[in-house]
Amino acid sequence: MARHAGLVGSLREREHEVAAVEELLERRGRMLLLEGRAGIGKTSLVEVACSRAAELGHEVLRARGSELESGFAFGVVRQLFERRLAGADPGEREALLAGPAAAARPLLAGELAAPLADDSSFAVLHGLYWLVVNLAARGPLLIAVDDVYWADEPSLRWLAYLARRLDGLAAGMLVALRPGDPALLGTPLLAVCAEAAAVLRPALLSEQAVGAVVRAAGGGEAGDELCAAVYAACGGNPLYLTELLRAANRSGRPMAALEPAELLAGGLDEIARQVITRVRGLGSDALSLAQALAVLGDGGELRHAAAIAEVTPAAAARLAGGLTRAEVLAAEVPTAEVLAAGVLAAEVLAAGVLAAEVPAHGPWRPRFVHPVIRDALEAMLDSGERDRAHRRAARLLHGDMAPPGQVAAHLVRVRPAGDGWVLARLREAARAAMDSGAPQAAAGLLDRALAEPPSPGQRAGVLREAARAEVTAGRERGFALLEEALRVAAGPRVRAEIALEVAEAYAALFRWVDAVDVIERALAELGPAEAELAARLEGELVVCGLHDARRATRVAPVLARLGSRHLGGRRPAAASEPVAVAQAMAMLLAGRPAGQIATWLEETLERSGPDAENWDTRAALLWVLVVAERFGAVEKALGPMLEQAHRCGSARGLVAAYSTLGLLKLRLGALPEADAAARVALCVLQEGDFAPGLGFAATVLSDVAVEAGQLDEAQALLDLLPRQGWPAGVGTVLIPAARGRLRLAQGRAAEALADFRACGELFGADVWGMPIRETGYVHARSGAALALLRLGWRQDAVRLADAELADVRVFGAPRALGIALRVAGLARGGPEGLALLHESAAVLDDSPALLERARSLAELGAALRRDGQRAAARDPLARALELAAGCAAGPLAARARDELRAAGARPRRPWRTGVDALTPSELRVARLACDGRSNREIAGELYVTLKAIEGHLARAYAKLGIEGRGQLADALAAEKTGVPTLQRTTRRRRDGGAITSPTEGD
Ligand SMILES: Nc1ncnc2c1ncn2[C@@H]1O[C@H](COP(=O)(O)OP(=O)(O)O)[C@@H](O)[C@H]1O
Ligand SMILES: [Mg+2]
């Protein structure tokens, strides 16, 4: 299919580019960008790459952006994959869409197994990426996208997503575009360009090359003067050159006989003029048909063009033949279906466009020899003609069951006319875009729908749809639309419902203050009759308000009211999870006993069922439950929550579920699992548009890194977050707390103190208008006490540690109590301190929070050793070592080991080789591999690339001193005993042999 051969047989002066393409095909795993002005020869190089790839037996997937379809969500992605999937047999299709790739099913296979969430764009991007992984697993692959300048935005986002993950895949990418002003290029396109491993910029042809082409075309008779004139006219641009030669060719005289003056015309306008002259020469029907094809865009069907141009199909085939011979349309092979249409076959043969090879599928979709010709033909239409043609095109495509996005691509170009049919199609296309995870595209379509405009009765509905799309796309404009919907909606009840939607939208973007304000307004309007709705609004108000102290004064009275209701023994109604969560948060901040809070929340969970209605509320519930240390209940609830998030592909749900899982695992001390989970949340957050949520995932990851001794990594994670300017809230308080722990580990005690004090201030009574007793949430006071101890201010340390301990004793959860007791013991020192350390270790023996247990045992052992009780020190130190190693907490394990040595024992395990040296990420991957999971499965589960998995495993093997996967089980066997899981900690092991006999030959 050498479409662009034209008069020029082969490409001149493209050795460098062709070599780069060859290298791409050989090495793969990266993206080449091909950049140059119209006519420089990009498409020709894409052709070369594709045919070369095919020759090598690579699979080739190609697509081309077109201006017309730049608003058709995933249009380019569909071009790449739809045909490939349609042509696959059922078995292969299943294999290609297996695993994480399943999220691409609704888009590519039209299968909607379960309704997708509005914010499924991450899941779809990731699913499409896995489709490529699955394809590349079958053999090398080339993905070529021409004219990516015009690719639709969702496709561009995906191309960038894929390009970042190509390394290590048997897939190469070639992307061609015209250069543009970076200021005018959209972010998605810039993101694609930024991923290029190399940029090829084909040069203008030299005078010599032009001369050679002219001579080749003119039978070698062309003189120097003629060649120089052609060069001057075309400036070395291959398209201009080709068109000049075409013009000369059509004059019917031998090349040598032409006057240089005849050729002295250049530039796109001139080309367009000549082409149009050529088309006109074929008669008015030919012009109409060509214009209809231009309106349909490259790849439109001939029979649709015939209908738009109002000519019969047979006439259209004849005219298309003429246009092909006039080199307006590219000489493409009509398909079997065209030929099978009997009447047409003769016409097609007569048109002289039949070649040997006949593709099996599809109607005849002519293409122009170059997009500039399409542009010129379309530009000839006046606005009325263009409007009519696009309307007609939309109706034809709709009648043919074309994807709604393709129909709408025409309708966004027609003049608004209050047309109900147009409105319906636009909304349909927007829904399809939402369903395929392209809210940006949906927002654009609904914007156009609002301009149509809808009838007054429909307006509120369209506004809400538009707002949902905008909000999902992370755009501010959504709020303005929702507020407008709020204004046009009738009745306080509907308005309250919309207000709840607005508030949830604000909350989804972590804009708590706005959320509170909207709810307040709605509450003020709502009469006493709507008690249940009011309760929901109040619950949402409190949950939101507690995230930002600037609205704390509004929260306090509501909380007081809710609290008294609760004390009055009234259970919240089934639908009021937010109310229950708000109350639990209030209880937590008031320092009420963990048991009470937990029971309250567990009952709520029981009532609400496993599926979360609102991700934020459910996440808040589970966070409080983690803090209340009902780890088992949280683990149980997270299973279905993860499943639900995967099923509906909600980015928000993935973030909520994975960051909660990360927190749970962190608090249990399962650092590798915490790391893996929180990294998924971080990845989704970074791909999505809700940066403010970064704090939840980044602080968990920073804590993990600190515990694993990766202090630079912890710093890098915290650097993702702005240092200042965040309002006080239950989310933001996590940030200085995490930084304080890092500073402690770095030995920067004064800064640590400042950070923990900042936490205290964020939770100050003056900020919240009510006293807050922080118990097991961030441990700001014990953190500050540790910093003070380092600074030598023991008195202050004791005071703070005691204050926290007193509150935590009321709270009563073992992990929190263990921490408070430990710090109080360290602060006090002496026999009194020792007693507190004993108590801490004993309390933690009842908790599955193994890392804290290890820490308390280590401190207890160290204190005993300092007290001269060397023999007594060994048992807790040995247990600490074992537990810390099992958690992958390197520094703590090292400390326990040093202490053990100082206590006269010889620890069994050598330090810094083997399992202890693995980072949490390496250990997590190694454990999964050890469980028999393939690299692909692990990559799928952890949302990382195969290459990353291979890297982790290679480093793990090197540290473990083993050859490969087969030896992992033996190498990891030693650490198995310490791995924190809920099941094994419920079996309490205080004096099991392996754990308490840590020394050899002792
Ligand atoms: N290196 C080359 N040598 C000769 N002809 C070329 C060369 N590159 C492109 N052409 C011809 O120039 C015309 C425009 O090329 P094309 O690849 O469509 O450009 P672009 O995609 O950059 O707009 C085609 O007819 C093509 O055959
Ligand atoms: Mg091109």
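A residue is taken as buried when its relative accessible area is under 20%, and because Phe74 has a relative accessibility of 1%, Phe74 counts as buried. This is a predicted model, and the description below moves from the chain as a whole to particular residues and helices.

**Overall architecture**

The chain contains 53 helices and five strands. Buried residues account for 59% of its 1002 residues, and of the contacts with a separation of 6 or more, 70% are between residues 24 or more positions apart.

**Nonpolar cores**

The largest nonpolar core comprises 280 residues, among which Phe81, Leu128 and Trp158 touch the most other members. When neighbours within four places in sequence are set aside, the contacts of Phe81 are with Leu61, Leu108, Leu128, Leu131, Val132, Leu135 and Trp158. A second core, separate from this one, has 61 residues, including Leu245, Ala248, Ala272 and Ala294.

**Helix 2 and its surroundings**

Helix 2 is formed by 14 residues, 42–55, and its first and last C-alpha atoms are 20 Å apart, which is close to the 20 Å expected at 1.5 Å a residue. Its buried residues are Lys42, Thr43, Ser44, Leu45, Val46, Glu47, Ala49, Cys50 and Ala53. The elements that cover these buried residues include helix 1 (15–27) as well as strand 1 (31–35), strand 2 (59–64), strand 3 (141–146) and strand 4 (171–177). After helix 2 comes Gly57, which has a positive phi near 85°.

**The packing of helix 9 and helix 10**

Helix 9 (residues 207–217) packs with helix 10 (residues 224–234) at an angle of about 115°, and their axes are 9 Å apart; the crossing of helix 9 and helix 10 is right-handed. On the side of helix 9 the contact is made by Glu207, Val210, Gly211, Val214 and Arg215, while helix 10 contributes Asp224, Leu226, Cys227, Ala228, Val230, Tyr231 and Cys234. By residue type, the contact of helix 9 with helix 10 consists of eight nonpolar residues, one polar residue and three charged residues.

**Backbone geometry in loops**

Phe74, introduced above as a buried residue, is located in the loop between strand 2 and helix 3 (75–87). Glu629 is placed in the loop between helix 32 (615–627) and helix 33 (631–648), and since its relative accessibility is 12%, Glu629 also counts as buried. The table lists the phi values of these residues.

| Residue | Phi |
|---|---|
| Phe74 | positive, near 60° |
| Glu629 | positive, near 65° |

Phe74 is a residue other than glycine with a positive phi, and Glu629 is likewise a residue other than glycine with a positive phi. A further loop holds a cis peptide bond, which runs from Glu452 to Pro453 and has an omega near -10°; Pro453 itself is found in the loop between helix 23 (439–451) and helix 24 (456–472).

**A buried serine in helix 48**

Ser921 belongs to helix 48, which spans residues 920–930. With a relative accessibility of 17%, Ser921 counts as buried, because that value is under the 20% limit. Apart from neighbours within four places in sequence, Ser921 is in contact with Asp675, Arg679 and His952.

Terms used:
Residues are numbered from 1 along each chain as its sequence is written. Chains are lettered from A and ligands numbered from 1 in the order in which they are written. This is a predicted model: local features need pLDDT of at least 70, side-chain atom pairs count only at pLDDT 80 or more; totals for chains, interfaces and linings use all residues. Side-chain values use heavy atoms; hydrogens and water are left out. Helices (H or I, at least four residues) and strands (E, at least two) are DSSP runs, numbered from the N terminus. The expected span of a helix is 1.5 Å times one less than its number of residues. Buried means under 20% relative accessible area, exposed over 50%, partly exposed in between (1.4 Å probe, protein chains only). Contact means heavy atoms within 4.5 Å. Axes are lines fitted to C-alpha atoms, for helices over the stretch in contact, and angles run from 0 to 180 degrees between N-to-C directions. A crossing is left-handed if the near helix is turned anticlockwise from the far one by less than a right angle, and right-handed if clockwise. Ala, Val, Leu, Ile, Met, Phe, Trp, Tyr, Cys and Pro count as nonpolar, Asp, Glu, Lys and Arg as charged, and the others, Gly among them, as polar. A nonpolar core is a set of buried Ala, Val, Leu, Ile, Met, Phe, Trp, Tyr and Cys residues joined through side-chain atoms within 4.5 Å.
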